[in-house]
Amino acid sequence: MAAHARPGSLPGPSPAGRPVPELETALVGRWRAGGGELIELFTQARERLGGVAAFRLGPRPTVLVTDPGAVQHVLALHPGRYVKRSHRARLLIGDGVLAATGEAWQRQRRLLQSQFTGPGMRRYEQRIAEAARTTAARWASYARDGQVFDVGDEMRRFALDTIWRSLTGHPLDPGTARDLAAVPAVVAALPSLPADGAAARGSVAADLARIDAVAGLAIAAARDGATGPAGPGLLHVLVEAAGTRPEYTDRLIRDELVTLLVAGHETTASTLTWLHLLLDRDPGARERALAAGGEGSPGRRQAVQALVHETLRLYPSAWILPRCATEDDVLAGYRIEAGTDVLVCPYLTHRDPGLWADPERFDPERFTVPGRRPAHPGSYFPFGMGARACLGLRFALRESAVLLEHLLPVHVPRFRSVPARAAYGLTVRPDGPAPAVLGG
């Protein structure tokens, strides 16, 4: 068996490269292509064969990439050789920027990029803060009444309110919230939908219709010039683009809107839910973060951000990043043939004991104490890396930190029960409810 190669010790490229070591067919044959079973298969492949390993789920080998140097090669250094062919959520997000490829992706990304840089982000600071204050007020009422509530539902409600305010300028109203519950419902259903496209769409037709109705009303309002209390939102940018860019039809605007709803709330909600569950297991981490400085201080801010980063290390927003090789290549000394499916797995890279000391332990100080985390950029990439890294990573980090700054000093969820497992779908999320009451 090949040893688990480390950054800097990978074999140098050769003109032809060596075959990627492959997990035994007999072992692979015992696994089905389900999320939890796949992560176990991936773990075995990495542990037995190293940071570039192959296995078969079909007639051709699939290559798993977890070594930081190889990760950087695929995602950052040679994105043109390793491309996205399609997106698992295309049925939901259509031709939105997450699923788009080629020149269409470049045009769509350029339009959205400016909205998530420094100047663009400043437009959303007030909206993020308002959504956080709304959640904090709701939690205060739960604490007064001793009400049992689901932490995962609360985090989805906050994240959806935040992205809806940013898209439309309006706070999330109860009716829209009920209709947009169809978004996580479709996301959760995606891994188990039929392979046939028409059958898959039929399985979630009612939910898609609800989503389309909400999107249609929001687009019409933006086109009529209606703005919310906070002024125009990102949806207005998309509608205005239609005036000079004919590709921005109502359908593409709908696809971008739904893409931003999915990317802008599902991943953040999962991260924040995991964080509350991790703090329940390690209450000292909350106390240390609050002791790092007073409200609004740089020390407190850094400590809260570290809580988020360590949660993302254990449960990255995108746990698997599929790519397809467009040409022959040599990756970390191994031969990759054109047409090979390549799976980059942040979840396993982040839990590699050769990179991270005691990797299964929740330890936010990895992100505050110098020398506690690996230096290689391919060691930590919860939002991807390179040209297709998540557009909204700064937005997600900021909204998470702002909510925690409101909640952590005041509220401690006391869980009645916790999910026993993780569910590996479009995101990695707790597989079940997380009912809690609030303590001081």
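How many cavities of 30 Å³ or more does a search of the whole structure find? The search finds 2, and they make a good place to start. Keep in mind along the way that this is a predicted model.

**Stop 1: the two cavities**

Select Thr267, Thr268, Thr271, Val308, Leu312, Ser317, Phe383, Ala396, Leu397 and Ser400, and you have the lining of the largest cavity. Its volume is about 50 Å³. Now colour helix H14 (250-281), helix H16 (298-314) and helix H18, since each of these supplies at least two residues of that lining. Sorted by class, the lining of the largest cavity has 5 nonpolar and 5 polar residues, with no charged ones.

Next, pick out Thr267, Ser270, Thr271, Trp274, Tyr315, Pro316, Ser317, Thr427 and Val428, which line the second largest cavity. The volume here is about 30 Å³. Helix H14 gives the largest share of this lining, with 4 residues. The classes are 4 nonpolar and 5 polar, and once again no charged residue appears.

**Stop 2: a pocket among helices**

Move on to the second largest pocket, with a volume of about 360 Å³. Among the 18 residues lining this pocket, Arg157, Leu160, Leu172, Ala177 and Arg178 are the closest to its centre, so to speak the ones to click on. Show helix H7 (125-145), helix H8 (151-168) and helix H9 (174-180) as cartoons: these are the elements that give two or more residues to the lining of the second largest pocket. H8 gives the most, with 6 residues. Which classes do the lining residues of this pocket fall into? They divide into 8 nonpolar, 2 polar and 8 charged.

While you have helix H9 on screen, select Thr176, which lies in it. Thr176 has a relative accessible area of 13% and is buried. Add Asp161 to the selection: Thr176 and Asp161 are 15 residues apart in sequence, and their C-alpha atoms are 9.9 Å apart in space.

**Stop 3: strand S3 and its partners**

Select residues 61-65, which make up strand S3. Is this strand largely enclosed or open? Of its 5 residues, 4 are buried, so S3 is largely enclosed by the rest of the structure.

Now add strand S2 (residues 52-56), which pairs with S3 in the antiparallel sense over 5 bridges. For one of the bridges, click on Val52 and then on its partner in S3, Val65. Follow the chain from S2 to S3 and you pass through a hairpin of 4 residues.

S3 is also joined to strand S9 (residues 341-344), this time by 4 bridges and with the strands running parallel. Here you can select Leu64 and its bridge partner in S9, Leu343.

**Stop 4: an open sheet**

Another sheet to display is an open one of 3 strands, in the order S5-S13-S10, with antiparallel pairing. Strand S5 (149-150) and strand S10 (412-415) stand at the edges with a single partner strand each, so one side of each has no neighbour in the sheet. Between S10 and strand S13 (residues 435-439) there are 4 bridges. Zoom in on Val412 to find Gly439 of S13 standing opposite.

**Stop 5: aromatic rings**

Show the aromatic side chains next: a search of the whole structure finds 12 aromatic pairs. Begin with Tyr142 and Phe149, whose ring centres are 4.7 Å apart and whose planes are at 25 degrees; planes under 30 degrees apart count as stacked, so this pair is stacked. Tyr142 and Phe149 are both buried.

Compare Phe367 and Tyr380. Their ring centres are 5.0 Å apart and their planes are at 55 degrees, so this pair is tilted. Both residues lie in the loop between helix H17 (346-349) and helix H18 (393-407), and the pair ties together parts that are 13 residues apart in sequence. Phe367 counts as buried at 14% relative accessibility, and Tyr380 counts as buried at 12%.

For a group of rings, select Phe42, Phe55, Trp319, Tyr347 and Tyr424, which form one aromatic cluster.

**Last stop: charges over rings**

Finish with two arginines. Select Arg313 and Trp356: the charged end of Arg313 sits over the ring of Trp356, 5.3 Å from its centre. Then select Arg351 and Tyr315, where the charged end of Arg351 sits over the Tyr315 ring, 5.2 Å from the ring centre. You have met Tyr315 before, as one of the residues lining the second largest cavity.

Notes. Residues are numbered from 1 along each chain as its sequence is written. This is a predicted model: local features need pLDDT of at least 70, side-chain atom pairs count only at pLDDT 80 or more; totals for chains, interfaces and linings use all residues. Side-chain values use heavy atoms; hydrogens and water are left out. On a 1 Å grid over the protein atoms alone, a cavity is a set of points where a 1.4 Å probe fits but cannot get out, and a pocket is an open set with protein on both sides within 12 Å along at least five of seven lines; lining residues have an atom within 4 Å of a point. Grid points are joined across faces, edges and corners, and a volume is the space filled by probe spheres set on the points. Ala, Val, Leu, Ile, Met, Phe, Trp, Tyr, Cys and Pro count as nonpolar, Asp, Glu, Lys and Arg as charged, and the others, Gly among them, as polar. Buried means under 20% relative accessible area, exposed over 50%, partly exposed in between (1.4 Å probe, protein chains only). Two strands pair if DSSP finds at least two bridges between them. Rings of Phe, Tyr and Trp (its six-membered ring) pair if their centres lie within 6.5 Å; planes under 30 degrees apart count as stacked, over 60 as edge-to-face and the rest as tilted. A charge sits over a ring if NZ of Lys or CZ of Arg is within 6 Å of the ring centre and within 35 degrees of the ring normal.
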